[in-house]
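Morning, everyone. I have one chain to walk through today. Please have a look at the sequence and the structure first.

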Amino acid sequence: MTTAAIRLSGWSLLIAGVGAGIVLPHPVTTTLWTAAAKLFARTGDHKMVRRLTAATKFGPKIRRGMDGRPARRIGGVAEAF
């Protein structure tokens, strides 16, 4: 894929995440935004990756998803926040 196509896919995932955030729980939104951040990183758009990972609410979750680290577990249940 070309850089432009990958970047367009990243923006599409961001927009889908915004739409999903209206009707679906935040894990869906976070998953879409993490995938978008990975695409932006692949194209070398580090400014956009920094914007996504610096967000107060979702930034740490996106960073964990990009690093491949699993969510923290408390009592056998994945932590929601």
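Start at aspartate 45. Leaving aside its neighbours within four places in sequence, aspartate 45 is in contact with Arg7 and Phe40. One caution before I go on: this is a predicted model. Where does aspartate 45 lie? In the loop between helix 2 and helix 3. Is aspartate 45 buried or exposed? Buried, because its relative accessibility is 18% and the cut-off for buried is under 20%.

Now the Arg7 contact. Aspartate 45 and arginine 7 form a salt bridge. Their closest N and O atoms are 3.8 Å apart. The pair links distant parts of the chain: arginine 7 is in helix 1, residues 3–23, and aspartate 45 is 38 residues away in the loop. How exposed is arginine 7? Its relative accessibility is 32%, so arginine 7 counts as partly exposed. That gives us a buried aspartate and a partly exposed arginine. How many salt bridges does the structure hold? One.

Let me step back to the whole chain. It has four helices and two strands. From the N terminus the order is α-α-α-α-β-β. There are 81 residues, and 30% of them count as buried. Take the contacts with a separation of 6 or more: 47% of those join residues 24 or more positions apart.

How far do we trust it? Mean pLDDT for the chain is 81. Of the residues, 83% reach 70 or more. Confidence is highest in helix 3, residues 46–53, with a mean of 89. It is lowest in strand 2, residues 77–78, where the mean is 54.

On to the core. Nonpolar side chains tend to be buried together in soluble globular proteins. Which residues make up the largest nonpolar core here? There are 10: Leu14, Trp33, Ala36, Ala37, Phe40, Met48, Val49, Leu52, Phe58 and Ile62. Helix 2 and helix 3 are the elements that give two or more residues to this core. The largest share is from helix 2, with four residues.

Two names in that list deserve a second look. Phe40 belongs to the core, and Phe40 is also in contact with aspartate 45. Then Met48. Not counting residues up to four places away in sequence, methionine 48 touches Trp11, Leu14 and Phe40. Leu14 and Phe40 are both core members too.

Stay with helix 2, residues 26–43. Threonine 34 lies there. Threonine 34 counts as buried because its relative accessibility is 8%. What does threonine 34 contact, leaving aside its neighbours within four places in sequence? Lys61, Ile62, Gly65 and Met66. Of these, Ile62 is one of the core residues.

Valine 28 is in helix 2 as well. Its relative accessibility is 33%, so valine 28 counts as partly exposed. Valine 28 helps make a nonpolar surface patch of about 390 Å², together with Ile22, Val23 and Leu24.

Last, the surface as a whole. The chain exposes about 5300 Å². Carbon and sulfur atoms supply 64% of that.

To recap. One salt bridge, joining aspartate 45 to arginine 7. A nonpolar core of 10 residues, with its largest share from helix 2. And a nonpolar patch on the surface that includes valine 28. That's it from me.

Technical notes
Residues are numbered from 1 along each chain as its sequence is written. This is a predicted model: local features need pLDDT of at least 70, side-chain atom pairs count only at pLDDT 80 or more; totals for chains, interfaces and linings use all residues. Side-chain values use heavy atoms; hydrogens and water are left out. Buried means under 20% relative accessible area, exposed over 50%, partly exposed in between (1.4 Å probe, protein chains only). Contact means heavy atoms within 4.5 Å. pLDDT is the predictor's confidence in each residue, from 0 to 100. Patches are made of residues with over 30% relative accessible area and no salt bridge: like charges are joined within 9 Å, nonpolar side chains (Val, Leu, Ile, Met, Phe, Trp, Tyr) within 5 Å. Accessible areas come from the Shrake-Rupley method with a 1.4 Å probe; for residues, only the protein chains shown count as cover. A salt bridge is a side-chain nitrogen of Lys or Arg within 4 Å of a carboxyl oxygen of Asp or Glu. A nonpolar core is a set of buried Ala, Val, Leu, Ile, Met, Phe, Trp, Tyr and Cys residues joined through side-chain atoms within 4.5 Å.
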